[in-house]
Amino acid sequence: MNCFMLIMEQITDAVVAAYILNATLIVPNLDQKSYWKDASDFGDIFDVDWFISFLSNDVKILKQLPMVGGKVLTPVRTRVPRKSSPKYYLNRILPLLKKKHAVQLTKFDYRLSNVLETDLQKLRCRVNYHALKFTDPIVEMGRKLVERMRMRSEHFIALHLRFEPDMLAFSGCDYGGGEKEKAELGAIRKRWKTLHKSNPDKQRRQGKCPLTPEEVGLMLRALGYNSDVHIYVASGEVYGGEDTLAPLRALFPNFHSKDTLASQEELAPFAPYSARMAALDFIVSDESDVFVTNNNGNMARILAGRRRYYGHKPTIRPNAKKISRLFLNLNNMTWEGFALGIRTHQVGFMGEPKEVKPGKGEFHENPSSCICESSLPNIPVYDLQDNPATMYQKGKEYSTGGFDTGEINDYQNIEDEQELADQEDLDNENNLPERELPRGINRDPNTILTSDQPELEEFLSD
């Protein structure tokens, strides 16, 4: 799913930042200069009018900068540090906003603290799960794909494979393709000027290499999923093409994707735009009975949080650091020993309801402030495996929402895994006391907050 996309986390936090500052927000611009060269804009992916209307009681949102004195306001560009607190916005950004009247916050990825007051966390949820709705064409096509999956099997797994060339190049890992692979991925890797020289063996030992399609398939079989299970593969261009996918197809012959479920004519309006194709994958993955991710990037986190919020269905995350050792020694193990090792190491990574404690983990993955305790019990179990596994049914009808438009941060998560909320608690200066949040200024159409999507090179140079 190799597309630029503006991630839900960025859009969500832009709304919260505007709320904190009591400023008018301009509909975010998408980066159209990125590696994937997708010309989609916000309104091509999301329902802009719904976004503005739904949040009207929280934040005033405009589609473009207004005219003042016959001229369009020109915002001053600035950047805030990663995971900044509301206090930082009020102390540093608010004075600039009052002085210049329009501020553009650049590089707006993870620029707001994971730990916020409950009211602000609930605003995040309103944006994430309700205000961000896909456009009607995306919703209609996405639902067709889901219906066609259900026609083939009542229950199915969705796999976010994330085995595209850009991801592999960034990881610096060796996938056995020899000098050809090294040259191809090395050429892509040069676009990140700040990356150190790769050490493939070290990367793999530390669990920082995406699993190959075959390894993902072996992990699922070890977890008890039979060969008759239907799998929907959410992915962009897989490095190595059909040769790379062949072992996964052999393990799970009931192999589906956008291209197998829909005709070229049906996909024609979406195919030139990686962001819109990714939105289709997001809808199908959200509706799956089990979602399996190959890395703990934004799509995995956003979907895990959404699936918790709407009644809980599991998201399986490979415990890559532990199970990579099993794959390295696979030829010296029996299948029974390998499967036992997989099941042992995957405890705590299977997406159980209470797997992450409230307030812990990344908020978009575990939106505990927005979830009532009573929403989790009495969840039915489906049998897709030899060994019984918990499969959860969503508590309400599917409503369209945003998606992980930021595969950019999938790269970052290779280097910076599992940033937990309690790490931020150590930064006392960066947290407000438990009291009502002081909001910045009276709403004024001349006070504008905008946000944009950074170039990947700039993001990684932090």
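This talk covers the aromatic ring pairs, two charges over rings, and the cavities in the structure above. The model is a predicted one.

Let me start with the rings. A pair of aromatic rings is described by the distance of the centres and the angle of the planes. The structure holds 13 aromatic pairs. One of them is Trp50 with Phe54, with centres 5.5 Å apart and planes at 35 degrees, which is a tilted pair. Both residues sit in helix α3, which runs over residues 48-54, and because they are four residues apart there, about one helical turn separates Trp50 from Phe54. As for solvent, Trp50 has 33% relative accessibility and counts as partly exposed. Phe54, at 29%, also falls in the partly exposed class.

Next is the pair of Phe163 and Tyr175. Here the centres are 5.1 Å apart and the planes stand at 85 degrees, so this one is edge-to-face. What does the pair tie together? Phe163 is in the loop between β7 (157-160) and α7 (165-171), while Tyr175 is in the loop between α7 and α8 (178-189), so the contact joins parts twelve residues apart in sequence. Are these two rings buried or exposed? Phe163 is buried, at 3% relative accessibility. Tyr175 is buried too, at 17%, because the cut-off for buried is under 20%.

Tyr175 comes up again with a charge. The charged end of Arg204 sits over the Tyr175 ring, 5.4 Å from the ring centre. So Tyr175 has Phe163 as a ring partner and Arg204 over its ring. There is another arrangement of this kind at Tyr273: the charged end of Arg276 lies over that ring, at 3.5 Å from its centre.

Beyond single pairs, there is a cluster. Which residues belong to it? Phe42, Phe46, Phe51, Phe134 and Phe282 are linked by ring pairs.

Now the cavities. Rolling a probe the size of a water molecule over the atoms shows where empty space is left. Searching the whole structure gives two cavities of 30 Å³ or more. I will describe the second largest, which holds about 50 Å³ of space. Its lining consists of Ala304, Arg308, Thr315, Arg317, Gly351, Glu355, Val356 and Glu365. How do these residues divide by type? Four are charged, two are polar and two are nonpolar. The charged ones are Arg308, Arg317, Glu355 and Glu365.

That is what I have on rings and cavities.

Key:
Residues are numbered from 1 along each chain as its sequence is written. This is a predicted model: local features need pLDDT of at least 70, side-chain atom pairs count only at pLDDT 80 or more; totals for chains, interfaces and linings use all residues. Side-chain values use heavy atoms; hydrogens and water are left out. On a 1 Å grid over the protein atoms alone, a cavity is a set of points where a 1.4 Å probe fits but cannot get out, and a pocket is an open set with protein on both sides within 12 Å along at least five of seven lines; lining residues have an atom within 4 Å of a point. Grid points are joined across faces, edges and corners, and a volume is the space filled by probe spheres set on the points. Rings of Phe, Tyr and Trp (its six-membered ring) pair if their centres lie within 6.5 Å; planes under 30 degrees apart count as stacked, over 60 as edge-to-face and the rest as tilted. Helices (H or I, at least four residues) and strands (E, at least two) are DSSP runs, numbered from the N terminus. Buried means under 20% relative accessible area, exposed over 50%, partly exposed in between (1.4 Å probe, protein chains only). A charge sits over a ring if NZ of Lys or CZ of Arg is within 6 Å of the ring centre and within 35 degrees of the ring normal.
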